[in-house]
Every structure is written in C-alpha cells, then in structure tokens.
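Trainee: Please take a close look at one part of this model, the annotated binding site, and then set that part in the context of the rest of the chain.

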Amino acid sequence: MPQKLLKTAHYIELGNYQHWPVLIPQRIRLYTYEQIPLFLKENPYITDGYRAHLPSKLCLKSIFILSNETVNIWSHLLGFLLFFSLGVNDLSTVLPASGANREDYVIYVGLFCFQVCMLCSVGYHLFSCHRSEKTCRRWLALDYAGISVGILGCYVPGIFYAFYCNAFWRQVYLLTVLSLILAVFCAQVHPRYLSNDWRWIRMAIFCCVAGISVIPACHWVWLNGGFTSDVVQLFLPRVIVMYLIAGSALLFYVTKIPERYFPGQLNYLGASHQVWHILVVVMFYWWHQTAVHIMHFRHSQPCSTRSGSSQVN
Ligand SMILES: [Zn+2]
C-alpha cells in the first residue's frame, strides 16, 4: 500500500467511559493539553484531542478526522450551507414572490454577512492547528473579523426595517453601526489585540458593539408609540428572543460551561464552544426569519397609509 494511504487506528475517549476507534491519516496525530504549544492553550478543561504542528495541507485534511475541533468546523460549515441555501431561496423565490423592491434585498445583505462569518470561523478552526503561530494568529484575527461581519448582518436588516418609515434615524443608526464595526476592525490591528491579556478588552468591545443595539431598539419602541402599539407587540417578542439566544450564546462562550464541571469528559462533544457555535447559527437563522416576516408586514402596511400613533414618517 502506498505510504500516503497508510492510516493508523487511534482510540479516543468520548466521555470518560466510551472508547471509539477512529482512523487518522498517519501524519496527523492528536495531542493532550500539556503537549500543545503555548499559543494553543486556551481551555484547560479540554484535555485531549488537539491537532498541532501541521502544514496547511494536513490542516485541510484534518477536517475528516475526529478531533476536539471537528464539531466546531462542521457546525459552521453546515451553517454556511444553510445560509447559502437560504440566500438562493430568497433571491429565486421569497423576494420575487413578495413583490420586493430593490431595497428589500437588504435581507440578502444580512444573509451574505452570515455566510462570511461562518466561513471565517470554519477557516480559523481548520487552520488553528497550523505549525506557524503567525498563521494561527492571522486566522484568529479573521475569525474575530467574521464575528463583527455577522453582527453587522444582524444590524443592517434590523435597523432597515425598524426605521423603515423614518429615513433620518435609519441613516443615523446605519452610519453609527458601520463606524463602530470599522472601529473594531481598526482595534484588531493593534499588536496586543489577540494577546491573552486583552481577552477581556476583546470581550468588552464585542459586548459594546452588540449591546449598543438596545438604544435603537428602545428608540424604535418609543417612536412607534410604546409597548401597546401593534407593530411593537408583533415584533418585540421576536427581538427579545434574539437577545435571549445571543445572551445564552455569550454565557457559554465566556464561562466555559459545561466542560469546567467535567474536565476531560467533553473533549469531543458537548463543550461550550460547540454550544456557542450552534447558538450563533440558530440566532442568525432566527433573525433572518424575523427580517422576512417584518418585510411582509411592511409590504402589507406601507408607511403613508398607516394611521395613529404608530405612524412614523
Ligand atoms: Zn469558534
């Protein structure tokens, strides 16, 4: 058998009692937390299943082996395929069928941002095992940039439809969000941005960029006549669900729950980063469905014909 086709059986631990044999290409091996380079040591509760020291080609090949990054890679690869298919469906069916005008294609802009976010994440988790620390850092920076693009993808359709009948505030908020995201990109250029000391500063920046959305949300409620107005009652629950999903995703990300209570037992399945990945996909999907919903609402109730305190022109 040619050398490159030789594979080795490798027994891995799923939980602390099941042992699964997996076939791993000969030049890829898995390492324990103690064995990996310092720059890969991020979560001590994930004790095994690390890929490390690989050239680009083997990083790519490692997509087909079971490591502690497999679920992270595939969850966002499938997430990308989901948003890509939704995009094709929107462009070919949903938007034309609902009589969308040119501006309504903002829904696709959101989906495109989600696709970029998913691909950046897949790239990072695939190449985080690269033998060069510099390459790993570049992919990490791209992953963070992807999260910013994903947040932008939530803001753009959200602000666009929330302030559908108020061009002034729509422009103010869209420009504010664009400037904020641009500021985050600039911060990422700082040499210490990716260092471990800046972990909490990074978190604070992302919380600010996402959390500042409370301001346009409250403004939207106020401009539409408060909690009793129809449009607020129709869409506020959806916005609250969005915040709940985002909040719980962040909670898993920051606290490293549940693996901190079961160190070494959730190396391959059930770790906090995997839950964060899945919740991000659910959150983006939820927000896209909300955007389609509000688009239909705006088509059925154009600004100029709406009456009472909810009219904002
Ligand atoms: Zn990730």
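Mentor: His273 lies in helix H9, which covers residues 272-300; helices here are DSSP runs of H or I with at least four residues, strands are runs of E with at least two, and both are numbered from the N terminus. This is a predicted model, in which local features need pLDDT of at least 70, side-chain atom pairs count only at pLDDT 80 or more, and totals for chains, interfaces and linings use all residues. Residues are numbered from 1 along each chain as its sequence is written.

His273 is buried, with 20 other C-beta atoms within 10 Å. The cut-offs are 20 or more other C-beta atoms within 10 Å of a residue's own for buried, 12 or fewer for exposed, and partly exposed in between, with C-beta atoms placed from the backbone. His277 is found in H9 too, and His277 counts as buried, with 24 C-beta neighbours inside 10 Å. Leaving aside neighbours within four places in sequence, His277 is in contact with Asn72, Ser75 and His76; a contact means that two C-beta atoms, placed from the backbone, lie within 7 Å.

The annotation itself comes from an unreviewed UniProt entry, which lists His125, His273 and His277 under "binding site". These three residues span 153 residues in sequence, yet no two of their C-alpha atoms are more than 11.3 Å apart, so they gather at one spot. UniProt positions are given in the numbering used here, feature names are shortened, and annotations may be inferred rather than shown by experiment.

Now the surrounding fold. The protein has nine helices and two strands, and along the sequence they follow the pattern β-β-α-α-α-α-α-α-α-α-α. Buried residues make up 31% of the 313 residues. Of the contacts with a separation of 6 or more, 66% are between residues 24 or more positions apart.

H9 also takes part in the largest nonpolar core. Such a core is a set of buried Ala, Val, Leu, Ile, Met, Phe, Trp, Tyr and Cys residues joined through C-beta atoms within 7 Å. This one has 46 residues, of which Phe114, Cys117, Leu152, Tyr155, Ile159 and Phe284 touch the most other members. Two or more residues come from each of H2 (70-97), H3 (106-127), H4 (133-162), H5 (167-188), H7 (214-223), H8 (230-255) and H9. H3 gives the most, with 13 residues. A second, separate core of six residues includes Tyr33, Tyr50, Leu266 and Ala271. Back in the largest core, Ile159 touches Arg170, Tyr173, Leu174, Val177 and Pro216, not counting residues up to four places away in sequence.

The loop between H8 and H9 has some backbone details. Lys256 is found in that loop, has a positive phi near 55 degrees although it is not glycine, and counts as partly exposed with 18 C-beta neighbours inside 10 Å. Pro258 is placed in the loop between H8 and H9, and a cis peptide bond, with omega about 15 degrees, joins Ile257 and Pro258.

Another positive phi in a residue other than glycine is that of His53, near 60 degrees. His53 lies in the loop between strand S2 (18-25) and helix H1 (56-61). With 16 C-beta neighbours inside 10 Å, His53 counts as partly exposed.
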